[in-house]
Amino acid sequence: MDHEMANVVQVGAVRFGDGSFPVIAGPCAIESEPQLMAAATIVAEAGASMLRGGAYKPRTSPYSFQGLGREGLRMLWEAGRESGLPTVAEVMEPAEVEIAADHLDMLQVGSRNMQNVPLLQTLGETGKPILLKRGFAATVDEWLLAAEYILQTGNENVVLCERGIRTFETQTRNTLDISAVPVVKTLGNLPVIVDPSHAAGRRDLITPLALAGRAVGADGMMVEVHPNPDVALSDGPQQLNGAQFALLMDALDISSRREEIDLIDHRIVRLLARRLAASIGIGKAKTARGLPLHSPAREKSILDLVSTEADRFDLDPRVVRAMYESILTESRGAQRRSTLKAVRGGAGG
């Protein structure tokens, strides 16, 4: 796998791997048309990027709800069209790939099928974007090699999903392998998202796990949302209701804005360092020409300029002016210190 350049996978207008953080959301299982449409409305209004829903449900018990199959695919297609969201659902066997590809924007390989080679190859041949979940007992290398079966068909539209692995811990359904996200990024160029719903099996842990995934560089997340999780036919305890999903999206938005502020602050500090270095250079040039370091007229011109700019961008000119007065004071001090250092150095020579 060539990992010199990050691969961006596009599903409709949604892009995985471009630095954004798309959220795939929807019910664990499609139970009925009203239930799915309600879920689609909830996630679309809260800002989800894609709609998920289980049409085929491979359950541990054969007596548990197994999904609506092809009828569920039809409902998901309708819900996606109504909500304006691209859709994704799991496909369980090669015989169902063609009809699934006709109804879905992205095809999912579930954890149990990660090493189902005929399924991987058949899905790859569709050319559609593929979401490949990690097997709950699979190593990272096994996961990446499973992806190779899809990539070898010529289909490079593969997104990996870390959904938790089985460990000795019993407080959670699985253990979200946070470290796998940066590890996968060092070994390949495929986007990787996290699924905190299946990892935790508990809705109260979804937000912290989602934020943790984002913090280590995940390219998005998948989360389960149900209009009324308490009556869900599948995995109710790990699904969020509408209000809880809205809070999760708010938390992700706040986290994103804080990351943006941190980046801006980093740039401001670097620019201040460059400004100070340029100011010291001017001080040296003035000293070499016998000119005074302090230039009140120049400082007034700078302060007037930044005050005018502040007003243009709806900032308080007094606050910005005070900030620049401090910057100019520090610049004068740095120029004097640099000049004294040069004089002492010359005297010592």
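Here are three short exercises with worked solutions on a predicted model.

**Exercise 1.** Work out how helices H5 and H6 are oriented relative to each other: roughly parallel, roughly antiparallel, roughly perpendicular or oblique.

*Solution.* Start with the geometry: H5 covers residues 140–151, H6 covers residues 180–187, and they pack at an angle of about 50 degrees with their axes 11 Å apart. Next, bring in the cut-offs: under 35 degrees is roughly parallel, over 145 is roughly antiparallel, and 65 to 115 is roughly perpendicular, with the rest called oblique. H5 and H6 are therefore oblique to each other. As for handedness, the crossing of these two helices is right-handed.

**Exercise 2.** List the residues where H5 and H6 meet, then sort them by character.

*Solution.* On the H5 side you'll find Val140, Asp141, Trp143 and Leu144; across from them, H6 brings in Ala180, Val183, Val184 and Leu187. Sorting this contact gives seven nonpolar residues, one charged and no polar ones.

**Exercise 3.** Place Thr87 in its strand and decide whether Thr87 is buried or exposed.

*Solution.* First, the strand: Thr87 sits in S5, which spans residues 87–90. Thr87 and Ala89 point one way, while Val88 and Glu90 point the other way. Now the pairing: S4 (residues 50–52) runs parallel to S5, joined by two bridges, and Leu51 stands opposite Thr87. Then check accessibility: Thr87 comes out at 2% relative accessibility, so this residue counts as buried, the cut-off being under 20%. Finally, look at the surroundings: leaving out residues up to four places away in sequence, Thr87 touches several others, including Met50, Leu76, His103 and Met106.

How values were computed: Residues numbered from 1 in each chain as written. Predicted model: local features only at pLDDT ≥ 70, side-chain atom pairs only at ≥ 80, totals over all residues. Heavy atoms only, no water. Axes fitted to C-alpha atoms, helices over the stretch in contact; angles between N-to-C directions. Helix = DSSP H or I, 4+ residues; strand = E, 2+ residues; numbered from the N terminus. Left-handed = near helix turned anticlockwise from the far one by under 90°. Contact = heavy atoms within 4.5 Å. Nonpolar A, V, L, I, M, F, W, Y, C, P; charged D, E, K, R; others polar. Buried < 20%, exposed > 50% of the residue type's maximum accessible area, 1.4 Å probe, protein only. Pairing = 2+ DSSP bridges.
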